[in-house]
Amino acid sequence: MPMAREAIELLVQAARAWHFEGNRHGLRDREWMALRFLSRANRFSRTPSALAGFIGATRATASQIVKTLEAKSYLIRKPSHEDKRSVVLCVTAQGEKCLAQHDPINHVLNAVSALGAEECARLRDSFREVLNHLDATHQRVNASICRDCMFLAQRSPAKGRGGVEYTCRLYRAPISPEEIELLCTSFEQASDRLRIDEHRERVRVAS
Ligand code: SF4
């Protein structure tokens with residue numbers, strides 16, 4: 001327990017990099033969080049409702065954040081290909097540049113990268129375990145990448161016909177190899193036993 005406490009105390013100190021008063025380079029901490037999330041999210045999660053769930057805000061607060069980011073030309077809305085009544089929030093080249101140059105977490109990111117690939121993987125897996133435990137306790141919306149999701153199906157093509165094809169069984173849609181590495185708020189750990197229908201209902205109610 002003392003070591004767990006020590007680890008958490010250090011994590012809280014590291015969190016000062018992304019939780020702060022006022023603004024940095026013109027954005028408050030939650031606006032940075034939103035911009036960061038949208039630049040990494042897949043097409044199903046770049047929606048106002050997924051954003052609100054991820055940053056732990058109401059739809060009204062998320063909508064205000066979207067307006068702020070739009071006003072700074074970091075974000076634009078596009079009609080969704082999946083659902084004509086919905087919009088997809090897309091980070092602009094200017095938004096990506098701002099993240100690359102000024103995102104307050106960049107220093108932490110560099111420090112973690114310097115630990116090396118093996119230590120990074122261990123750290124990632126440990127945080128995933130901790131988040132899974134917190135998910136079960138607090139029912140929070142978290143996001144992770146398709147690769148480890150229970151809804152990802154893959155099919156090897158017939159001989160000589162290109163690479164592996166991926167499909168999301170939740171959204172019943174193809175997933176490109178590039179999208180495998182993007183964040184999704186509907187992610188469920190592959191070992192979880194949540195029934196797909198139950199999860200579809202959750203997604204329908206949230207959207
Ligand atoms: S496979 Fe999982 S993570 Fe990927 S889009 Fe589907 S629900 Fe989201």
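**Asn42, the ligand shell and two loops with positive phi**

Colleague: In which loop is the place of Asn42?

Modeller: In this predicted model, the place of Asn42 is defined by the two helices on either side of its loop. One of these is α2, which spans 29-40, and the other is α3, so that Asn42 is found in the loop between α2 and α3.

Colleague: Is Asn42 buried or exposed?

Modeller: The relative accessibility of Asn42 is 2%, and a residue counts as buried when that value is under 20%. Because its value is 2%, Asn42 counts as buried.

Colleague: Leaving aside its neighbours within four places in sequence, which residues is Asn42 in contact with?

Modeller: Asn42 also belongs to the residues around the ligand, where Cys146 and Cys184 are listed as well. Once the neighbours within four places in sequence are left aside, the contacts of Asn42 are Cys146, Leu182, Leu183 and Cys184.

Colleague: How many residues of the shell around the ligand are nonpolar, polar and charged?

Modeller: The ligand sits in the largest cavity, and the residues around the ligand include Phe44, Cys149, Phe151, Leu152, Cys168, Leu170, Ile175 and Ser186. Sorted by character, the shell divides into 9 nonpolar, 2 polar and no charged residues.

Colleague: Which residues of helix α3 are buried, and which residue follows the helix?

Modeller: Helix α3 covers residues 48-55, and its buried residues are Ser49, Ala50, Leu51, Ala52 and Ile55. After α3 comes a residue with a positive phi, near 70°, and that residue is Gly56.

Colleague: Where does Ser73 lie, and what is its phi?

Modeller: Ser73 lies in the loop between α4 (59-71) and β1 (75-79). With a relative accessible area of 36%, Ser73 is partly exposed. Although Ser73 is not a glycine, its phi is positive, at about 65°.

Colleague: Is Arg172, in the loop between β5 and β6, buried or exposed?

Modeller: Arg172 is found between β5 (165-168) and β6 (173-175), and its phi is positive, near 50°, in a residue other than glycine. Exposed means a relative accessible area over 50%. Because its relative accessibility is 63%, Arg172 counts as exposed.

Colleague: For the protein as a whole, what share of the residues count as buried?

Modeller: The protein has 8 helices and 7 strands, and among its contacts with a separation of 6 or more, 54% join residues 24 or more positions apart. Its accessible surface comes to about 13500 Å², with 55% belonging to carbon and sulfur atoms. Of the 207 residues, the share that count as buried is 34%.

Definitions and conventions: Residues are numbered from 1 along each chain as its sequence is written. This is a predicted model: local features need pLDDT of at least 70, side-chain atom pairs count only at pLDDT 80 or more; totals for chains, interfaces and linings use all residues. Side-chain values use heavy atoms; hydrogens and water are left out. Buried means under 20% relative accessible area, exposed over 50%, partly exposed in between (1.4 Å probe, protein chains only). Helices (H or I, at least four residues) and strands (E, at least two) are DSSP runs, numbered from the N terminus. A residue is near a molecule or strand if one of its heavy atoms lies within 4 Å of it. On a 1 Å grid over the protein atoms alone, a cavity is a set of points where a 1.4 Å probe fits but cannot get out, and a pocket is an open set with protein on both sides within 12 Å along at least five of seven lines; lining residues have an atom within 4 Å of a point. A molecule sits in a cavity or pocket if more than half of its atoms lie within 2 Å of its grid points. Ala, Val, Leu, Ile, Met, Phe, Trp, Tyr, Cys and Pro count as nonpolar, Asp, Glu, Lys and Arg as charged, and the others, Gly among them, as polar. Contact means heavy atoms within 4.5 Å. Accessible areas come from the Shrake-Rupley method with a 1.4 Å probe; for residues, only the protein chains shown count as cover.
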